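Take a look at the sequence and the 3D structure below. Find the ligand before you read on.

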Amino acid sequence: MPSRRPIAQLPDLLISQIAAGEVIERPSSVLKELVENAVDAGSQTIEVRLEAGGIRRIAVIDDGGGIASDELRLALTRHATSKISSLIELESVHSMGFRGEALASIAAVSQLTLTSRTRDASHAWSLEPGVAEPIAAAGALGTTVDVRYLFDTVPARRKFLRSEATEFGHCMDAMDRIALAFPDIGFRVFHNDRAVRQWLPAPALQRISDVLGDDFNEHGIEINAQGGLISLMGVVTRPTASRARADRQFLYVNGRHVRDRTVAHAIRSAYADVLHGDRQPAFVLFLRVDPAAVDVNVHPAKHEVRFRDSGAVHRFVNHTVTQALSGTAGMASGTLAQSSSPFFAATGEASRDAAFAGQPAPYSWQSVVQQPLHLREPGAAPGTFTGAYTGSAGGASSSASSNPALWQSVYEPLNEQAPTWPLGRALAQVHGIYILSQTAKGLALIDMHAAHERVVYEQLKHALDAQTLPQQTLLVPVVFRVTDKELALALECNDQLLELGFEMAAAGPQSMTLRAVPAMLARGDLEALARGVLRDLDQIGASRLLTEQRNTLLATMACHGAVRANRQLSIEEMNALLRQMEQTERADQCNHGRPTWVHWNVSDLDKFFLRGQ
Ligand SMILES: Nc1ncnc2c1ncn2[C@@H]1O[C@H](COP(=O)(O)OP(=O)(O)OP(=O)(O)O)[C@@H](O)[C@H]1O
Ligand SMILES: [Mg+2]
């Protein structure tokens with residue numbers, strides 16, 4: 001047994017450092033706490049100055065009520081707050097802060113200088129790190145909290161910080177969340193002395209546009225519902241503007257940004273009938289409930305709340321959002337769009353995305369499938385394939401398609417004397433989803449997307465193993481909007497992306513140019529492809545991207561490169577896909593483990609009709 005030490009009270013600093021572990025995870029958490037304090041102080045304008053992604057410096061300068069000089073030290077003390085003084089006040093708290101812990105926690109893991117001037121003071125007072133008493137200082141009405149060298153004294157934490165650009169991205173995400181909730185307050189953000197954001201005070205809807213871009217409201221439906229002590233306001237976007245990621249879901253409960261399962265589920269089920277399972281709605285919703293009916297003291301960083309009657313909240317939110325969505329079949333009434341968007345009114349979501357990115361409408365299925373499929377040369381021995389992804393994507397395959405004679409000779413063997421193909425000969429496309437084919441012994445039904453996805457996945461894997469993954473430079477680069485975090489990730493992982501065939505570059509503060517992609521995927525929805533890859537990058541992390549998690553990434557790429565439902569396929573294209581499946585390992589299952597085809601023998605069919613019984 002190791003010898004036991006006597007119990008001793010922990011020193012104050014250590015207590016604060018331990019507490020900081022709960023609230024202060026990275027620069028963006030410091031930023032959130034400081035800006036919330038500035039909001040609580042009644043500020044009209046809040047300025048944020050970041051250096052090196054917030055790692056070197058986070059300063060928040062406000063014009064709020066200030067802190068009296070004799071309270072400065074107290075402000076940095078644990079469990080000292082001006083916001084509540086009793087349990088009753090906690091239960092009906094209106095301010096963002098109430099724990100009296102944020103500044104103490106931050107000061108314990110950084111170099112914090114607090115400068116403030118109240119209305120009655122003739123000048124400001126400043127409390128510097130390591131100094132017991134405040135000293136007279138210059139400064140306007142309001143408070144400046146200047147935090148430098150975060151986690152310098154806590155190497156274990158410091159190690160977990162990502163690149164400056166990534167941390168900056170997190171900081172901007174935090175700013176977005178706060179700016180959406182307080183449209184009356186003006187915000188200015190500087191990074192390394194460069195102005196990066198400026199939001200003027202504005203009506204709530206305008207602030208949403210300012211933060212999330214005009215297209216958000218263009219596809220939005222305004223919500224404004226009141227029911228006794230509960231109300232829901234904000235914007236939900238139409239199902240057609242859904243996203244692959246849940247990255248534009250902003251929920252506020254009494255002005256506080258939270259993640260809440262009850263409300264998330266209520267929204268999700270309102271969309272259930274109109275949104276495909278793996279698509280994500282976008283929304284900015286402000287739920288207001290009687291403060292006494294919600295517990296905000298659930299999570300140290302206040303990311304969660306607990307409703308006293310979560311059933312009632314669920315019903316209210318679900319009903320309100322369902323009502324709003326039920327009016328979306330047409331483009332008109334009750335929507336935010338001033339005029340209906342020509343893009344998606346005409347052609348649906350895919351082309352709206354493309355149009356948004358300054359791209360022509362997406363390619364027809366024809367060109368989507370031709371490129372990746374291997375074609376058998378006339379007279380070539382089975383197993384010999386050409387037209388594979390050898391260099392320029394268009395080349396080999398498009399010449400094949402524009403030459404009917406070639407197609408014919410490729411598929412001539414499919415007559416009565418031909419050797420039988422396991423997956424048979426394609427007869428027709430069914431409901432834009434399946435290929436119906438006649439086999440030697442019966443009928444097969446093939447899920448074309450799942451099958452093609454599998455084929456592309458295996459092709460990608462082999463090409464990457466053999467280091468022969470050809471890249472195609474895009475004639476018209478695709479420009480698309482990204483978050484700061486995505487932008488930072490893409491730049492940080494440039495080398496890995498290049499190895500995968502992607503060339504991306506920053507096109508502006510929140511947009512990205514895609515210049516080259518793996519040739520075999522060049523005909524798909526490139527924006528969706530690039531976003532899928534960035535999402536994996538975020539979840540997997542650069543270091544494992546090309547090792548343990550490589551196949552996850554390839555599956556994402558294949559999914560976006562594979563044909564979508566409702567694309568018209570010619571018989572030749574269907575046959576080409578079947579032949580490829582026969583050449584692909586484990587083509588019987590898609591990348592998600594579901595079967596890609598089913599087969600009935602003629603005897604099975606006979607049973608349907610009670611033949612021969
Ligand atoms: N920008 C500011 N302007 C005016 N007063 C401030 C400002 N920042 C902090 N204070 C004062 O310092 C106190 C401590 O701030 P701190 O953030 O540590 O705690 P809190 O906001 O009360 O609670 P929480 O830990 O939940 O954030 C606040 O209660 C407030 O009185
Ligand atoms: Mg606070």
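What follows is a walk from the pocket to the ligand and its contacts.

Keep in mind that this is a predicted model. Start with the space itself. Which pocket does ligand 1 take up? Ligand 1 occupies the second largest pocket. That pocket has a volume of about 700 Å³.

Now look at the walls. The second largest pocket is lined by 34 residues. Asn37, Ile67, Ser82, Lys83 and Leu103 are the lining residues nearest its centre. Several elements take part. α2, β2 (57-62), α3 (72-75), α5 and β6 (142-148) each give at least two residues to the lining. Which of them gives the most? It is α2, with five residues. By class, the lining has 16 nonpolar, 10 polar and eight charged residues.

Next, move in to the ligand. How many residues surround ligand 1? There are 21 residues around ligand 1. Asn37, Thr81, Ser82, Lys83 and Lys302 come nearest to ligand 1. Asn37, Ser82 and Lys83 also lie among the residues nearest the pocket centre.

Helices matter for this shell too. α2 (27-40) and α5 (102-108) each supply at least two of its residues. Again α2 gives the most, this time with three residues. The shell is a mix of classes: eight nonpolar, seven polar and six charged residues.

Now zoom in on the backbone. Find Phe98, where a backbone N or O atom lies 2.9 Å from an oxygen atom of ligand 1. Move along to Glu101. A backbone N or O atom there is 2.8 Å from an oxygen atom of the ligand. Then comes Ala102, with a backbone N or O atom 2.9 Å from a ligand oxygen.

Is ligand 1 mostly exposed or buried? Taken alone, ligand 1 exposes 580 Å². The protein buries 94% of that area.

How values were computed. Residues are numbered from 1 along each chain as its sequence is written. Chains are lettered from A and ligands numbered from 1 in the order in which they are written. This is a predicted model: local features need pLDDT of at least 70, side-chain atom pairs count only at pLDDT 80 or more; totals for chains, interfaces and linings use all residues. Side-chain values use heavy atoms; hydrogens and water are left out. A residue is near a molecule or strand if one of its heavy atoms lies within 4 Å of it. A polar contact is a pair of N or O atoms within 3.5 Å; within protein, one must be able to donate a hydrogen and the other to accept it, and residues adjacent in sequence count only if both atoms are side-chain atoms. Accessible areas come from the Shrake-Rupley method with a 1.4 Å probe; for residues, only the protein chains shown count as cover. On a 1 Å grid over the protein atoms alone, a cavity is a set of points where a 1.4 Å probe fits but cannot get out, and a pocket is an open set with protein on both sides within 12 Å along at least five of seven lines; lining residues have an atom within 4 Å of a point. A molecule sits in a cavity or pocket if more than half of its atoms lie within 2 Å of its grid points. Helices (H or I, at least four residues) and strands (E, at least two) are DSSP runs, numbered from the N terminus. Ala, Val, Leu, Ile, Met, Phe, Trp, Tyr, Cys and Pro count as nonpolar, Asp, Glu, Lys and Arg as charged, and the others, Gly among them, as polar. Grid points are joined across faces, edges and corners, and a volume is the space filled by probe spheres set on the points.
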